[in-house]
Amino acid sequence: MSPEKFLKVPTPHTWVEAAANQEDLLLVDHAHCERKAASSALSLIYRHAGRADFCTRLSRIVREEMRHFEQVLVLMESRGHQFRPLSPSRYAKSLHTFVRNLPGESNSDLFIVAAIIEARSCERFRCLLDVLAPQVADLYVRLCDSEARHFLSYLEMAEEVADQQDVSSRTMSLLMEETRLVTEEDAQFRFHSGPPSISKH
């Protein structure tokens, strides 16, 4: 399954237009997203320390996400942008508010949320290929395959900790929330934000 078929809605074109005009902000937030993706995978290792197969798969994701972080930093420097602290978007935090608090290792929600984030990242990379500078687009082309692979890996792990019916039901619920987050207007532009709000005078 491709990320585009998995997600319920495509990225709004107004977000793509905003991204094309804010390369600096796009790349800074993208770098933070890669760092957070590595941290999330690492936290899942701690939660599933008793499963060597999960730890191995997640460790690979951690290394890849940190490599992506390094690549974005190098790209930013070459483009004259500086990495800096940045307030996060509401996207990931809002998705995680819907994660169930279940005992043990049976909670598939964390894997589903991770899969959704990876799918949206991949979809947005592809949306941006024709509107960004060639140097940025070249990196995004290379990142697409990794994000798509991470998306599928997280879905597979979700199905290994819960039954198919539960995973399907939870995926649908979480995707409905994700749809709201990427289609509602956002006051600030971020890599995973909704379309930019239009000031009313």
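**Close-up views of helix packing in a predicted model**

**View 1. Ser43 in helix α3.** Ser43 is placed in helix α3, which covers residues 23–47. The model is predicted. With a relative accessibility of 36%, Ser43 is classed as partly exposed, because that class lies between the cut-offs of under 20% for buried and over 50% for exposed. Ser43 and Arg67 are 24 residues apart along the chain, and their C-alpha atoms are separated by 18 Å.

**View 2. Gln165 in helix α8.** Gln165 is a residue of helix α8, the helix formed by residues 164–183. The relative accessible area of Gln165 is 67%, so this residue is exposed. Between Gln165 and Val141 there are 34 Å in space, C-alpha to C-alpha, for a separation of 24 residues in sequence.

**View 3. Helix α4 and its buried residues.** Helix α4 comprises 27 residues, numbered 52–78. From its first C-alpha to its last, α4 reaches 39 Å, close to the 39 Å expected at 1.5 Å a residue. The buried residues of α4 include the nonpolar side chains Phe54, Cys55, Leu58, Ile61 and Val62. Glu65, His68 and Gln71 are also among the buried residues of this helix, as are Phe69, Val72, Leu75 and Met76. These buried residues of α4 pack against α3, α6 and α7, the last spanning residues 134–161. Just after α4, Gly80 adopts a positive phi of about 80°.

**View 4. The packing of α4 against α7.** The axes of α4 and α7 cross at roughly 160° and come within 11 Å. The angle makes α4 roughly antiparallel to α7, because angles over 145 degrees are assigned to that class. The crossing of the two helices is left-handed. Sorted by residue type, the contact of α4 with α7 contains 11 nonpolar, 7 polar and 9 charged residues.

**View 5. Helix α6, mostly covered.** Helix α6 extends over residues 109–128. Of the 20 residues in α6, 18 are buried, and the helix is thus mostly covered. The end C-alpha atoms of α6 are 29 Å apart, which agrees with the 28 Å that its 20 residues should span at 1.5 Å a residue.

**View 6. The oblique contact of α6 with α8.** Helices α6 and α8 pack at an angle of about 45°, and their axes are 10 Å apart. This angle makes α6 oblique to α8. The crossing in which α6 passes α8 is right-handed. On the α6 side, the contact involves Asp109, Ile112, Val113, Ile116, Arg120 and Arg124. The residues that they meet in α8 are Val167, Arg170, Thr171, Leu174, Leu175, Glu178 and Val182. In this contact, 7 residues are nonpolar, 1 is polar and 5 are charged.

**View 7. The contact of α2 with α6.** Helix α2, residues 13–20, packs with α6 at an angle of about 65°, and the two axes are 10 Å apart. The helices α2 and α6 are therefore roughly perpendicular to each other. Their crossing is right-handed. Trp15, Val16 and Ala19 of α2 make the contact with Arg124, Cys127 and Leu128 of α6. The residues of this contact divide into 5 nonpolar and 1 charged, with no polar residue. Arg124 of α6 also appears among the residues that meet α8.

Methods: Residues numbered from 1 in each chain as written. Predicted model: local features only at pLDDT ≥ 70, side-chain atom pairs only at ≥ 80, totals over all residues. Heavy atoms only, no water. Axes fitted to C-alpha atoms, helices over the stretch in contact; angles between N-to-C directions. Helix = DSSP H or I, 4+ residues; strand = E, 2+ residues; numbered from the N terminus. Parallel < 35°, antiparallel > 145°, perpendicular 65-115°, else oblique. Left-handed = near helix turned anticlockwise from the far one by under 90°. Contact = heavy atoms within 4.5 Å. Buried < 20%, exposed > 50% of the residue type's maximum accessible area, 1.4 Å probe, protein only. Expected span 1.5 Å × (residues − 1).
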